[in-house]
Amino acid sequence: MKIFVYLLIVFVSLSIISGCKKDDLPKATQIGANVVAARVNGQVWESKACWSCFGGGKGLSVNYDDRNFFGVSAQQKDENKSITITFVITSLKSVGTYSLSGEGKNQGHLSNYAERNAAVHYITSDNNKGTIRVTKLDLANKIVSGTFEFTAEDKTNPANTIRVTDGRFDVTFN
């Protein structure tokens with residue numbers, strides 16, 4: 001009987017431990033932390049600083065202008081590849097949910113530079129869409145925060161798609 005109880009305790013403990021999933025993405029914040037992160041086809045992706053990136057080496061460029069155009073371009077780069085996620089809201093005036101779709105509209109984009117001088121560009125379309133949820137728009141402190149997700153298609157082969165999920169951003173603008 002003691003062995004049965006011992007085995008039951010071990011089994012329950014192992015089940016609890018193996019059931020705990022660690023989220024490797026940074027927490028969603030609303031403080032202007034200048035963080036952009038997501039899962040790209042299930043793999044953790046986070047914008048990181050790099051030596052030769054745009055925006056002064058930060059790997060992050062944010063634009064919010066007097067016409068309410070909002071755009072974020074964030075890069076993750078390592079020795080072998082560079083992945084840039086970009087999303088645009090053509091008229092951001094308040095918190096809320098914005099749809100991502102085809103050209104000339106709110107849009108999501110992912111560029112994957114997996115090999116030298118070879119890139120695959122994925123873009124949302126009327127067939128492959130997404131959403132951006134703006135949860136904070138603080139014009140006084142110049143902070144925009146929220147979440148995003150989208151499916152985008154290869155510009156040269158629309159049947160080839162990529163899925164960006166669990167996206168979060170907390171950025172400042174000038």
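A search of the whole structure, which is a predicted model, turns up 1 cavity of 30 Å³ or more. Here a cavity is a set of points on a 1 Å grid over the protein atoms alone where a 1.4 Å probe fits but cannot get out. The idea behind it is simple: rolling a probe the size of a water molecule over the atoms shows where empty space is left. The largest cavity holds about 40 Å³ of space, a volume being the space filled by probe spheres set on the points, with grid points joined across faces, edges and corners. Its lining consists of K27, A28, T29, V35, G146, R168, F169 and D170, where lining residues have an atom within 4 Å of a point. Strand β11 (residues 161–172) supplies the largest share of that lining, 3 residues. By character, the lining of the largest cavity splits into 3 nonpolar, 2 polar and 3 charged residues; Ala, Val, Leu, Ile, Met, Phe, Trp, Tyr, Cys and Pro count as nonpolar, Asp, Glu, Lys and Arg as charged, and the others, Gly among them, as polar.

A word on bookkeeping. Residues are numbered from 1 along each chain as its sequence is written, and side-chain values use heavy atoms, with hydrogens and water left out. Since this is a predicted model, local features need pLDDT of at least 70 and side-chain atom pairs count only at pLDDT 80 or more, while totals for chains, interfaces and linings use all residues.

As for the overall layout, the protein has 1 helix and 11 strands, both taken as DSSP runs numbered from the N terminus (helices H or I, at least four residues; strands E, at least two). Read from the N terminus, the order is α-β-β-β-β-β-β-β-β-β-β-β. Of the 174 residues, 43% count as buried, with buried meaning under 20% relative accessible area, exposed over 50%, and partly exposed in between (1.4 Å probe, protein chains only). Of the contacts (heavy atoms within 4.5 Å) between residues at least 6 apart in sequence, 52% join residues at least 24 apart.

In soluble globular proteins, nonpolar side chains tend to be buried together. In this model the largest nonpolar core has 30 residues, and F70, F148 and F169 are those with the most contacts inside it. Two or more residues each are given to this core by β1 (35–40), β3 (60–64), β4 (70–77), β5 (82–89), β6 (96–100), β9, β10 (143–154) and β11. For the record, a nonpolar core is a set of buried Ala, Val, Leu, Ile, Met, Phe, Trp, Tyr and Cys residues joined through side-chain atoms within 4.5 Å. F169 thus turns up both here and in the cavity lining.

F87, in strand β5, is buried at 0% relative accessibility. Leaving out residues up to four places away in sequence, F87 touches F70, G71, V72, Q107, G108, I132, F148 and F169, and that list takes in the core residues F70, F148 and F169. The C-alpha atoms of F87 and F150 are 9.8 Å apart, with their positions 63 residues apart along the chain.

The loops have some buried residues of their own. N128 sits in the loop between β8 (118–123) and β9 (130–138) and counts as buried because its relative accessibility is 14%. The side chains of N128 and E153 are joined by a polar contact of 2.7 Å, that is, a pair of N or O atoms within 3.5 Å; within protein, one must be able to donate a hydrogen and the other to accept it, and residues adjacent in sequence count only if both atoms are side-chain atoms. Beyond four places in sequence, N128 touches T151, A152, E153 and T161. D65, in the loop between β3 and β4, is buried as well, at 18%, and a polar atom of its side chain lies 3.0 Å from the backbone nitrogen of F69.

The loop between α1 (2–19) and β1 holds G32, buried at 17% relative accessibility. Setting aside neighbours within four places, G32 is in contact with I143, D170, V171 and T172. N34 is in the loop between α1 and β1 too, but is partly exposed at 36%.

Most residues other than glycine have a negative phi. N34, however, has a positive phi of about 55°, and D166 also has a positive phi of about 55°. D166 belongs to strand β11 and is partly exposed at 39%.

Conventions:
1 Å grid on protein atoms, 1.4 Å probe; cavity = no way out; pocket = protein on both sides within 12 Å on 5 of 7 lines; lining within 4 Å.
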